[in-house]
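This report describes one protein chain for a reader who is new to structural terms. Please look over the sequence and the model before reading on.

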Amino acid sequence: MKYRAVKGMNDILPDTIERWQVIENAFRDTLRLYRFSEVRTPLLESTDLFIRSIGEATDVVEKEMFTFLRSNESLSMRPEGTAGAARAYVEHKIANREPVSRWFYIGPMFRAEQPQRGRYRQFYQAGCEIYGDPGPLCDAELLAMLYRFLSGLGIADLELCINSIGGAETRERYRVALQNYLRPRAAELSEHAQQRIELNPLRILDSKDKEDRIVVSGAPNIIDFLDGDDLKHWNGLCTNLNNLGIPYRIDHGLVRGLDYYTRTLFEVKTNAGQLGSQNTICGGGRYNNMISDLGGSTVPAIGFAMGLERLLLASGFVASCPKPFIFIAPFGENAGRKALHLSETLRSAGWSVELDGREGSIKSMLRRANSLAAPIALVIGDSEVEQGVVQLKDLVGHTQESVPLTELVEHLNRLL
Ligand code: HAM
């Protein structure tokens, strides 16, 4: 075969699209309950936006972006949705219009990762962002919405993990303490982790390497370093989650791979769908500095994004049965013209219609109607046209009757 889809990028064919739409519609329905509005931003942004927001030393920016030069401008395919949404929020001065904005998006993201089950180079995220609400009530409400959505999909073994990395000050104090803990143990760490001790020690906490995990298990917890408003926020979040009865686990190793976060961090994992190491179906957190870093005013923000492919693998549901539709099988030239007209009339009456215009044998047309699971086929030949009738074949009950065209809509309404 000469042409194939690009590595890690998948076609989603019509026979699977319904499963996607079920999830997307459920997401939209849930978000409507919480009064979010959809935003659509470009797939391409200036590379600088991602460097500035996600962080230069992150895997996403350092290794995974699809970047190219166009008229001397460096552009990148968006690796996630938060940066572009924040850019739009600042560019259109949304903060001047309303104190709180709730946005959501569904769309493709691009990361040049090594493809495997649940990890692709083009993948779809459903995400949302809240701007302008700093409190722990907002964090808890967002997690309640996430929990409601995921439970509604029937995904088994949901685990909500939360942590807080506080503000810049807390993080700096913790970074020093963590480095003091790690430096004397450097020899016990993987080579990769050793390189991170000075540059980005927090990322060692979520290393999957066995040796690293042993060292990290004795490391100080960042939660113990929270104080003042950071601690108040964290306690507020836990209290609200407890009051709502939302189960969660505090994960001291949860640091997330993007640099923009402040305070609350969370992920949702599942054992369903044989996702193995790619079992994080959702990631998110608070990022109170991004809007001002991108040139806007000081606006707190929080959000999350879910990988739709992972949700599909984990939820494992099958698409519902197709809605009943009418199959029209004409034979003969006059009958074809009449059938085309009839199909439009039936569609105007609200029916979904598939017209077989191939001019094949009745047998082959009916075979197709059966394979599509059409409950009813209307057969029209030239003699039916002359008499002003159609042969209505009930493909479920295996009966046939002649129905006058003038009574057809009424007849179909009674039948289906
Ligand atoms: P993230 O953790 O990088 O966060 O991605 C969120 C989710 O996208 C992951 O949990 C996973 O389900 C899915 N995902 C990520 N990479 C891939 C991939 N290569 N293939 C398939 N699925 C993938 C973010 O993107 C942040 N923007 C989330 C956020 C929103 N934080 C605040 N607001």
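## Charges and overall form

The chain carries 48 positive and 53 negative charges, and the mean positions of the two sets are 1 Å apart. Here Lys and Arg count as positive and Asp and Glu as negative, while His and the chain ends are not counted. The place of a charge is taken as NZ of Lys, CZ of Arg, CG of Asp or CD of Glu.

This is a predicted model, in which local features need pLDDT of at least 70 and side-chain atom pairs count only at pLDDT 80 or more, whereas totals for chains, interfaces and linings use all residues. Residues are numbered from 1 along each chain as its sequence is written, and side-chain values use heavy atoms, with hydrogens and water left out.

The secondary structure comes to 15 helices and 16 strands. These are DSSP runs numbered from the N terminus: helices are H or I with at least four residues, and strands are E with at least two. Along the principal axes, the C-alpha atoms fill a box of roughly 95 × 50 × 45 Å. The radius of gyration of the chain is 28 Å, while a compact globule of 416 residues would have one near 22 Å. This radius is taken over C-alpha atoms, and the globule rule is 2.2 Å times the number of residues to the power 0.38.

Of the 416 residues, 50% are buried. Buried means under 20% relative accessible area (1.4 Å probe, protein chains only). Among contacts with a separation of 6 or more, 70% join residues 24 or more positions apart; a contact means heavy atoms within 4.5 Å.

## Helix α11

How many of the eight residues of helix α11 are buried? Seven are, so the helix (residues 308-315) is largely enclosed by the rest of the structure. The buried ones are L308, E309, R310, L311, L312, A314 and S315. Their cover includes the helices α1 (14-33) and α5 (136-152) and the strands β5 (101-110), β6 (122-131), β10 (280-286) and β11 (301-307). Just after α11, G316 takes a positive phi of about 60 degrees.

## Cysteines

A disulfide is a pair of cysteine sulfur atoms within 2.5 Å, and by this rule the count is zero. Two cysteines that are in no disulfide are listed below.

| Cysteine | Cysteine with the nearest sulfur | Distance to that sulfur | Relative accessibility |
|---|---|---|---|
| C138 | C128 | 9.8 Å | 1% (buried) |
| C238 | C161 | 13 Å | 10% (buried) |
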